[in-house]
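Biologist: Please take a close look at how one helix of this model is packed against its neighbours. I would like a connected account, with the residues named.

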Amino acid sequence: MAPVPSERRLDGGKDYPLQEVIYLLLCLGFGVAGAVVARIKGSSMFLWFLISAIVPVFGLIALVLYRSDREEPRRQCPGCGRIVKIHDALCTRCGTELEYPDVVIEPEATAQRG
Ligand SMILES: [Zn+2]
């Protein structure tokens with residue numbers, strides 16, 4: 001009569017859902033990573049914590065690819081005076097075709113720092 005090996009309890013044991021715990025820890029880790037990257041980029045830490053935790057891999061990729069608008073240089077549309085991003089080829093309000101401006105308005109992030 002050989003005794004039942006104690007390892008047998010680990011096989012599909014429902015009392016310790018190890019995979020779920022690992023997955024939750026993974027989500028939490030990605031969430032924290034997302035929050036840290038968001039802080040560096042000047043975005044909402046809470047928002048990106050949620051996004052990164054809910055969709056762990058894709059959330060973090062999206063955040064890395066995400067360009068913060070606050071860091072974009074801006075300029076003023078000669079047609080209507082609207083402040084637009086410097087990479088915009090057309091004014092988003094009046095549709096004026098925009099050439100590269102003589103005057104560049106500093107990014108919001110920089111302006112708020114000074
Ligand atoms: Zn305009």
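**Packing around helix 3**

Modeller: In this predicted model, helix 1 (residues 18-41) and helix 3 (residues 56-65) have axes that come within 9 Å of each other and cross at roughly 10°. Helix 1 is therefore roughly parallel to helix 3, the limit for that description being an angle under 35 degrees. On the side of helix 1, the residues that meet helix 3 are Leu 26, Cys 27, Phe 30, Ala 33, Gly 34, Val 37 and Ala 38. Their counterparts in helix 3 are Pro 56, Gly 59, Leu 60, Leu 63 and Val 64. By residue type, this contact of helix 1 with helix 3 divides into 10 nonpolar and 2 polar residues, with no charged ones.

The second partner is helix 2. The axes of helix 2 and helix 3 come within 5 Å and cross at roughly 140°, so helix 2 is oblique to helix 3. Helix 2 contributes Trp 48, Ile 51, Ser 52, Ala 53 and Ile 54 to the contact, while helix 3 contributes Pro 56, Gly 59, Leu 60 and Leu 63. Here the residues divide into 7 nonpolar and 2 polar, again with no charged residue.

Within helix 3 itself, Gly 59, Leu 60 and Leu 63 are buried. These residues lie on the same side of helix 3, because they cover an arc of only 95° around the axis. That buried set packs against both helix 1 and helix 2 (45-54). Turned away from the buried side is a face of helix 3 with the exposed residues Val 57, Phe 58, Ile 61, Val 64 and Leu 65.

Two of the buried residues of helix 3, Leu 60 and Leu 63, also belong to the largest nonpolar core. This core has 9 residues in all, and its other members are Phe 30, Ala 35, Ala 38, Trp 48, Phe 49, Ile 51 and Ala 53. Helix 1, helix 2 and helix 3 are the elements that each give two or more residues to the core. Helix 2 supplies the largest share, with 4 residues.

Among the core residues, Trp 48 deserves separate mention. Trp 48 is found in helix 2 and counts as buried because 24 other C-beta atoms lie within 10 Å, the threshold being 20 or more. Leaving aside neighbours within four places in sequence, Trp 48 is in contact with Gly 34, Ala 35, Val 37, Ala 38, Ser 43 and Leu 63. The C-alpha atoms of Trp 48 and Leu 60 are separated by 8.2 Å, the two residues being 12 apart along the chain. Phe 49, with the same neighbours in sequence set aside, is in contact with Gly 31, Gly 34 and Ala 35.

As for the setting of this region, the protein chain has 4 helices and 2 strands, and from the N terminus on its elements run α-α-α-β-β-α. Of the 114 residues in the chain, 13% are buried. Among the contacts in the chain with a separation of 6 or more, 38% are between residues 24 or more positions apart.

Methods:
Residues numbered from 1 in each chain as written. Predicted model: local features only at pLDDT ≥ 70, side-chain atom pairs only at ≥ 80, totals over all residues. Buried ≥ 20, exposed ≤ 12 C-beta atoms within 10 Å, placed from the backbone. Contact = placed C-beta atoms within 7 Å. Axes fitted to C-alpha atoms, helices over the stretch in contact; angles between N-to-C directions. Parallel < 35°, antiparallel > 145°, perpendicular 65-115°, else oblique. Nonpolar A, V, L, I, M, F, W, Y, C, P; charged D, E, K, R; others polar. Arc of directions from axis to C-beta. Core = buried A, V, L, I, M, F, W, Y, C linked by C-beta atoms within 7 Å.
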